[in-house]
Amino acid sequence: SFTISLRTVDNTILMIKQKPGGSLGCNIRVKNFIRPELKIKPGENVTFSFTCSTPEKYFIVEIQKNIDCVSGPCPFGDVHLYPPGLPRLNRTFIWDVKASTKAGLELKFSTPWLRQIEPGEMCPDSVSYSINSSIDKATVNIGTFCRNGSVSRVKLLGGVIMSLRLPWDSPLNTSGFSIANRASIKLLNGESSITLMSPNYPLGFPEDELMTWQFVVPSNMRASVFFHNYSLSNCERKEERVEYYLPNSFSNPEVFKLSDSQPANIAGSFNLSLQGCDQDAQNPGILRLLFQVVVQHPQIDENVTHLVDLSKEWNMSVTIHFEGWPSRLPLMSDPMCLICKDPRTCDRVLTLVSGAVYKISFLCKDLSRLRITAEKGISCVDLRWCQRKIYSLLVPKAITQLPIQLHRFIWKLLASDLINIEITSPSLKLQQHVPEQRCNTSYSYSIVSATPKMEFNVGVFCPGGSIEKIQMRDNVTISLKTFGKGFLNESMHQDLKMSFVPHIKDECSFTVSPDPKAKVYLQTPNWPYGLPPYVSISWFVAVPSKQVARLGFSKDRLGVACETGRAYLNIKEETQGAEEIVCREDELLPKPRNMYHNFWVNISNCKPVDRTQLTLQFQVTFADKQIDLGVILAVVAGGGVLTAIGLTVCCVKKKKKKSQNPMVGVYNTNVNTEMPRKQGLFTKGRKNNESHVYAVIDDAMVYGHLLKESNGSAAPEVDVYRPFDGPMGSLPPSPPPLSFRKHIKRSSNTEEPPPLMDTEQDAYTFAHQKSGQLEDNKDTAEKNNGDTGTSLLGNKEQDGLVE
């Protein structure tokens, strides 16, 4: 059992009551009565016991002491825990002190002092203090505090309600504070950090009230103030502000807005006051403030200034920040690292803008924790003004000379409609970062093309590759990211350039100029998420004159299922009469094949079925050209036409005759054996009929079997005739028109053509023929044709062509 005796002069009331939300599994026995709660008033002496062995699970005890400092003397001095002999329950001691608003009360705390915590935060030892100010009938919550902090004293006008909460097993037997009548002091001793909040935080600060924090800073330390969270009320009169009384200031008090950067590197003690305003009665809003004061030793290099000259830069900003910004906010416990643009303006994050010169210094023991992120904008509205201008995408020396690691430099390239962006790297060239060929340089470029509705990740690239040029539509963001400390040396050799160009057909186009001994790996942009619907990508690969390129794909199909439209792969060499390989998404991709001239690779996407994406990788390797003697002998046997290199022979598919095996005719358009004659003798010219195409040719003139013997290992020196495609331009190949695709069907009884090159059987080949191309020869004679020709073709027939 327990016996508690309360003296009348102590003016103390004790309540033992059930825990909030607890069960009635235990009661209080007083004499022969069972009670769920017990209240002991001043002057009473009560003996009681519990009906269970663990009452701390069911009960709490509150002890409230009322102190009147208005009608009588105030009991200054240490505050004791009273009464003694309490049961081991969770205890809350409450001291309600009434005082005049003309005289302030001071709560002085013994070491290890206190630290303020945010609402809902718990103290590690579960021992907490709550301080409320009481003016007339209004109560304002000053804050909740834990032990082990920097708050030594708190002064309030009017009364105070002080609460101390102790867990049932706490060994603490003293209150830890005393009541005094002195000025309030926040003492910061040694390197430390303190977080403080305005009264009633996070609720509103009382209207038109004044809150002052006084900080005593040792002479050998420096203090800095940081506002981490605040909001403003709606003022009708006056203005919310903070006022500082700073040492050695000629304009005390110095007035700041809550949105301003607050004073830093303060040498000596200072006061900080928060002043409210007269609020709008209909919509008062909330004035609240959470701030931090950091005290640290003066830094050795705090007087060392670094010149950052951005006067000649345009549309650029430079931000110096702590590691992890902006995704991670600084923790209160993080080592303080400050950047100052003048002795009093310091912060953890400092942004410098172009067009000005700065002298910055650092209050930081470890500069390796700081980073630089810069951003520059380049735009073009009228192509006439910016088409011929070349912009160098280089990191300015004003940034690289700072003793801080560059984290990222971002170029935002903005272009209006029908204006596209071209990125070049003439000397270093670029390498695409792919699993088979990873970047190992000290920096890389991430390139993203974006529209208001879609963001298209072109890829990650680093210097030292084979990509000479990238053309992109829409706005483009290029982010240079550094790795390690080697960037300072490698940045001296940057050569990335940018220019604005007219509209391009594809979403993105790459120009690849590999070294003859290089092995190039390339992959579709937006890896690994796949190309967006209906996007077309092109690669132009330059093949050295004495080299042959080997093109191979990483998988056998495009691997996408189309909901709408078709996906296509196109391959075409940039040479007159070259065949074009077209593969649909449901067909096999070509097997590795040799490319003897510069060539295009084009990929066009459809609208994929959900959860299927178009992603493709391919590689290009190079080897020296090999001469095929069998092909040369075949040309020699064709009648000594070595001088006719470049001669072309064309066979156009004819309507089938009654004969099961029609002969194939050839002609030579460069030889005219006819006598001049009058035009009027013929009612129908050669350009309007087909009399110039021979239906029969002697078998001795057919050399297709020689190509079979050569196994297609090398292209003949005398090319096979193709219909003329017109002047070769720089545009990539495109899929065949829809009207043409409908007629492309493979016949079941059609023989395969001779293997001129390593091609996949499921790939279609096309030679685009311009209308009227075979009818442009002048009419000579119909009866006697002296045309001679050399055929390198057999009579193997394909749909749409005879090769």
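A salt bridge is counted where a side-chain nitrogen of Lys or Arg lies within 4 Å of a carboxyl oxygen of Asp or Glu. In this predicted model, the count by that rule comes to 18 salt bridges. One of them joins Arg115 and Glu121, whose closest N and O atoms are 4.0 Å apart. Both residues of the pair are partly exposed: Arg115 has a relative accessible area of 28%, and Glu121 has a relative accessibility of 38%.

A salt bridge also forms between the side chains of Lys238 and Asp208, at 3.2 Å from N to O. This pair links distant parts of the chain, 30 residues apart, with Lys238 in the loop between β21 (235-237) and β22 (241-245) and Asp208 in the loop between β18 (192-197) and β19 (210-216). Lys238 is exposed, at 54% relative accessibility, whereas Asp208 is partly exposed, at 27%. For Glu323 and Arg371, the closest N and O atoms of the salt bridge are 3.2 Å apart. Glu323 lies in the loop between β28 (316-322) and β29 (338-342), and Arg371 in strand β33 (residues 370-380), so the salt bridge ties together parts that are 48 residues apart in sequence. Glu323 is partly exposed, with a relative accessibility of 39%, while Arg371 is buried, with a relative accessible area of 12%. Elsewhere, Arg566, Arg584, Glu585 and Asp586 are joined into one network by salt bridges that share partners.

An open sheet is formed by 8 strands in the order β5-β2-β7-β9-β15-β12-β13-β11, with mixed pairing. The edges are occupied by β5 (38-40) and β11 (114-117); each has a single partner strand, so one side of each is left without a neighbour in the sheet. From one strand to the next, the twist averages 20°. The pairing of β11 with strand β13 (residues 138-147) is antiparallel and runs over 4 bridges. Within this pairing, Phe145 in β13 is the bridge partner of Gln116.

The structure holds 9 disulfides. Among them, Cys123 is joined to Cys146 with an S to S distance of 1.8 Å, and the angle of -85° about the S-S bond makes this link left-handed. Cys123 lies in the loop between β11 and β12 (128-135) and Cys146 in strand β13, 23 residues apart. Both cysteines are buried, with relative accessibilities of 6% for Cys123 and 1% for Cys146. In the disulfide of Cys380 and Cys386, the sulfur atoms are 1.7 Å apart; Cys380 is buried at 3% relative accessibility, as is Cys386 at 6%. Cys439 and Cys462 form a disulfide with their sulfur atoms 2.2 Å apart, and this link is left-handed, with -90° about the S-S bond. It connects the loop between β37 (430-432) and β38 (443-450), which holds Cys439, to strand β39 (residues 455-463), which holds Cys462, 23 residues apart. Cys462 is buried, at 1% relative accessibility.

In soluble globular proteins, nonpolar side chains tend to be buried together. The largest nonpolar core here has 86 residues, and those with the most contacts inside it are Ile423, Ile470, Ile478, Phe500 and Phe510. Beyond its neighbours within four places in sequence, Phe510 contacts residues including Val458, Phe461, Ile467, Ile470, Pro525, Ile537 and Trp539. A second, separate core has 72 residues, including Leu89, Phe205, Phe215 and Phe256.

Note on methods:
Residues are numbered from 1 along each chain as its sequence is written. This is a predicted model: local features need pLDDT of at least 70, side-chain atom pairs count only at pLDDT 80 or more; totals for chains, interfaces and linings use all residues. Side-chain values use heavy atoms; hydrogens and water are left out. Two strands pair if DSSP finds at least two bridges between them. Helices (H or I, at least four residues) and strands (E, at least two) are DSSP runs, numbered from the N terminus. Axes are lines fitted to C-alpha atoms, for helices over the stretch in contact, and angles run from 0 to 180 degrees between N-to-C directions. A nonpolar core is a set of buried Ala, Val, Leu, Ile, Met, Phe, Trp, Tyr and Cys residues joined through side-chain atoms within 4.5 Å. Buried means under 20% relative accessible area, exposed over 50%, partly exposed in between (1.4 Å probe, protein chains only). Contact means heavy atoms within 4.5 Å. A disulfide is a pair of cysteine sulfur atoms within 2.5 Å.
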